[in-house]
Amino acid sequence: MAFRNGLDSLLRPEDSVLVLIDHQPYQLANLNSHDPHMVVNNSTALAKAAKAFGVPTILTSVIADRGGAIFPQITDVFPGQEVIDRTFINTWEDRKVVDAVKATGRKQLIIAGLWTEICVAMPTIQALGEGWDVTVVTDASGGTSVEAHEVAIQRMIMAGANMMTWLAVASEWQRDWARTEHAAELSEVLVQHAAGSGIAFLWEQQLLKTPVPGKG
């Protein structure tokens with residue numbers, strides 16, 4: 001297995017494409033590896049960060065008539081965008097999803113979903129085998145148990161996947177605070193979704209009177 005290291009291995013917004021898989025009520029009802037509130041928060045934060053940095057985001061569900069619609073916190077980030085509803089458990093066997101990813105021309109595939117051991121692991125392992133550079137966002141995903149989630153992560157790492165959390169992904173997209181183009185949007189995501197870090201940021205602004213560059 002090739003090690004994923006060096007500057008070129010870090011995520012870049014211009015090369016990234018995000019796929020959010022099956023963030024639906026049925027899956028959330030049997031989510032036992034994480035606090036469900038946290039997964040809703042983190043998946044929403046990831047979606048907002050992607051939008052802030054102009055990262056194309058594909059939304060997909062599985063049999064939504066039975067499993068429910070994707071969380072409105074996510075779909076509200078992309079109003080009017082089609083959610084690709086599948087019958088395949090393995091998203092990467094659904095031609096419509098794969099074609100949508102390929103149409104972006106991006107090479108850094110970022111995946112988050114429910115459940116980790118099934119709907120995240122399957123497409124990740126298949127895409128890795130097809131030569132994609134795959135990152136899994138572990139805290140915007142979750143499994144039916146702690147063991148299921150952790151074993152799936154181990155399995156995907158062994159297959160060559162990169163593991164990150166949503167805040168690490170957003171930070172890697174930003175990379176340099178001198179890049180002010182998206183700093184205000186990212187700061188807003190942090191305030192809304194990064195809990196203590198977001199509140200500490202507001203406190204810093206209060207004490208030091210340091211507005212975010214680019215924030216009107």
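The following exchange looks at some side chains of this predicted model and at the reasons for the words used about them.

Me: Why is L207 called exposed?

Reply: The relative accessibility of L207 is 52%, and exposed is the word for values over 50%, so L207 counts as exposed. L207 is found in helix α10, which covers residues 196-208, and together with W203 and L208 it makes a nonpolar surface patch of about 370 Å².

Me: How many aromatic pairs does a search of the whole structure find, and what makes F53 and W173 a tilted pair?

Reply: The search finds three aromatic pairs. In the pair of F53 and W173 the ring centres are 5.9 Å apart, and rings pair if their centres lie within 6.5 Å; the planes stand at 50 degrees, which is neither under 30 degrees, as stacked requires, nor over 60, as edge-to-face requires, so the pair is tilted.

Me: Which parts does the pair of F53 and W173 tie together, and are these two residues buried or exposed?

Reply: F53 lies in the loop between α2 (36-52) and β2 (57-62), whereas W173 lies in helix α8 (residues 166-174), so the pair ties together parts that are 120 residues apart in sequence. Both F53 and W173 are buried.

Me: Why is the pair of W92 and W132 called edge-to-face?

Reply: The ring centres of W92 and W132 are 5.6 Å apart and their planes are at 85 degrees; since edge-to-face is the word for planes over 60 degrees apart, the pair is edge-to-face. W92 lies in the loop between β3 (83-86) and α5 (95-103) and W132 in the loop between α6 (116-129) and β5 (133-137), so this pair ties together parts that are 40 residues apart in sequence. Both W92 and W132 are buried.

Me: What makes up the largest nonpolar core, and which element gives the most to it?

Reply: The largest nonpolar core has 35 residues, and those with the most contacts inside it include L20, V137 and W173. Among the elements that each supply at least two residues of this core are β1 (16-21), β4 (108-113) and α9 (183-193), while α2 gives the most, with eight residues. A second, separate core of 22 residues includes I58, V101, C119 and V120.

Me: Which residues of α8 are buried, and what do they pack against?

Reply: In α8, the buried residues are W166, V169, A170, E172, W173 and Q174, and the buried residues of α8 pack against β1, α2, β4, β5, β6 (162-164) and α9.

Terms used. Residues numbered from 1 in each chain as written. Predicted model: local features only at pLDDT ≥ 70, side-chain atom pairs only at ≥ 80, totals over all residues. Heavy atoms only, no water. Patch = residues over 30% accessible without salt bridge, like charges linked within 9 Å, V, L, I, M, F, W, Y side chains within 5 Å. Areas by Shrake-Rupley, 256 points an atom, 1.4 Å probe, with all protein chains shown as cover. Salt bridge = Lys/Arg side-chain N within 4 Å of Asp/Glu carboxyl O. Helix = DSSP H or I, 4+ residues; strand = E, 2+ residues; numbered from the N terminus. Buried < 20%, exposed > 50% of the residue type's maximum accessible area, 1.4 Å probe, protein only. Phe/Tyr/Trp six-rings, centres within 6.5 Å; stacked < 30°, edge-to-face > 60°. Core = buried A, V, L, I, M, F, W, Y, C linked by side-chain atoms within 4.5 Å. Contact = heavy atoms within 4.5 Å.
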